[in-house]
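Work through these exercises with the model open beside you. Try each task before you read its solution.

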Amino acid sequence: MEQQKTMIDGKTLGKEMQKELKQMFKPLFSLAESKATDADFLVTAAKQLKLLPDEGMMGQFKAKYFPLVQQVLDEQVKEYKKHETAYLRSTKEKGTNIREVSNGWRVGPLLLETKPGEGKIRFCYNREPLTPFVTVAASKEIEELESQAFFLLENASIDQEKLTFWMWTAYKKAVVGIYEQMEGQAILIRDFAEEFLDLCAKDKEFIKSAGFGVNDKLPLWLFLYNLDRYRLMGNMVPAQQRIGLQTGSQQEVSKGLGVTVNGLHSEEEYKTMCYAIPYK
C-alpha cells in the first residue's frame, strides 16, 4: 500500500521557517535590537557573540568583532580598577572604615557593590540598591554616587519618637491582620516591612521630604535603614514597645523570607533575619 504523504499548508510552513530562523539568528537579532549607546551594550554583545558559530558568515562576523569588543571591555576593567583604588584610598584618608566583602566593599553604612568584569558599581544599604549600576570613568564619579546614596539615607531618616511609634504600630497591624492576635507572636519580617512602608506612604510630609512621589513604591532599604536605627536606640524605646528579630531556617532564607540587617557600621557583620517578635 502506498504510504500517504503528510500534507502541510503554506501558512504553517511559513511559521515553522520563521520560528527556526528566529532561533538560529537569535543572538544577532538581540544585538541588532539593542541600543548601541546603552552602557550594557558591549557586555551584551560579548555574550551574544560567543553564541555564534565559528563558520560561515556569522563566524566571520564573530571573528571580526569579538576580539575588538573584548579589548574594549578589558580596557574598561583596567580603568575601573584604577578609579576604585583611588576612591578607596581617598575614603580611608578621610577616616571612613572600609572592609572588603564578597561582592564589593563595606564603606561606612554603605555597600559598594562591584562588577569588576564589567567595570560597574552601585551603592546599597543592607544589600538593597540605593543607586543603579553605572560605569564610572573617574574616582570622582564614585564619590558623587556615594554622595547621592548618603543623601537618600539622610532624607529617609525618621525622628526617634515617630520611628518608635511607626515600628510598634506596623508590628501590631501585621500581627492583627495576619494572625488576629498579639501576645508574643512572631511575624515574617517582610510582612512587618510592608506595614511599616504603608505607614510611611500615608505621611505625605515625610514622603515629600524623603524625595519620593505620592505614587512611588517605597523601597525596602527605607525600612531596613530605619529598622537598624530603631534597634540602635536600645533602651530609649519603651520596654513595652520594643521589637526583637529572629533568624530563620536555611530553607526560609533560601526562599527569600529574610532581610539583611546590621548595615550602620561596616565593622559589624551582616545578618539575615526572618522574623520580628516583641523583645523579651
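**Exercise 1.** Which phi does glycine 234 take just after α9?

*Solution.* Go to the residue that follows the helix. Just after α9, glycine 234 has a positive phi of about 55°.

Two notes before you go on. This is a predicted model, where local features need pLDDT of at least 70 and side-chain atom pairs count only at pLDDT 80 or more, while totals for chains, interfaces and linings use all residues. Residues are numbered from 1 along each chain as its sequence is written, and side-chain values use heavy atoms, with hydrogens and water left out.

**Exercise 2.** Check the span of helix α9 against its number of residues.

*Solution.* Helices (H or I, at least four residues) and strands (E, at least two) are DSSP runs, numbered from the N terminus.
- Step 1. Helix α9 covers residues 220-233, which is 14 residues.
- Step 2. The expected span is 1.5 Å times one less than the number of residues. For α9 that gives 20 Å.
- Step 3. The end C-alpha atoms of α9 are 20 Å apart, which agrees.

**Exercise 3.** How many residues of α9 are buried?

*Solution.* Buried means under 20% relative accessible area, exposed over 50%, and partly exposed in between (1.4 Å probe, protein chains only). By this rule 12 of the 14 residues of α9 are buried, so the helix is mostly covered. Among them are Trp221, Phe223, Tyr230 and Met233.

**Exercise 4.** Is histidine 83 buried or exposed, and what is histidine 83 in contact with?

*Solution.*
- Step 1. Find histidine 83 in helix α4.
- Step 2. Its relative accessibility is 10%, so histidine 83 counts as buried.
- Step 3. Contact means heavy atoms within 4.5 Å. Leave aside neighbours within four places in sequence; histidine 83 then touches Val136, Ala137, Ala138, Ser139 and Ile142.

**Exercise 5.** Place leucine 68 in the model.

*Solution.*
- Step 1. Leucine 68 belongs to helix α4 (residues 56-93).
- Step 2. Leucine 68 has a relative accessible area of 46%, so leucine 68 is partly exposed.
- Step 3. Alanine 46 is 22 residues away along the chain, and its C-alpha atom is separated from that of leucine 68 by 9.7 Å.

**Exercise 6.** In which order do the three strands of the open sheet stand?

*Solution.*
- Step 1. Two strands pair if DSSP finds at least two bridges between them.
- Step 2. The order is β7-β11-β8, with antiparallel pairing.
- Step 3. β7 (187-188) and β8 (243-246) are at the edges; each has a single partner strand, so one side of each lacks a neighbour in the sheet.
- Step 4. Two bridges join β7 to β11 (residues 275-278). Isoleucine 187 stands opposite alanine 276 in β11.
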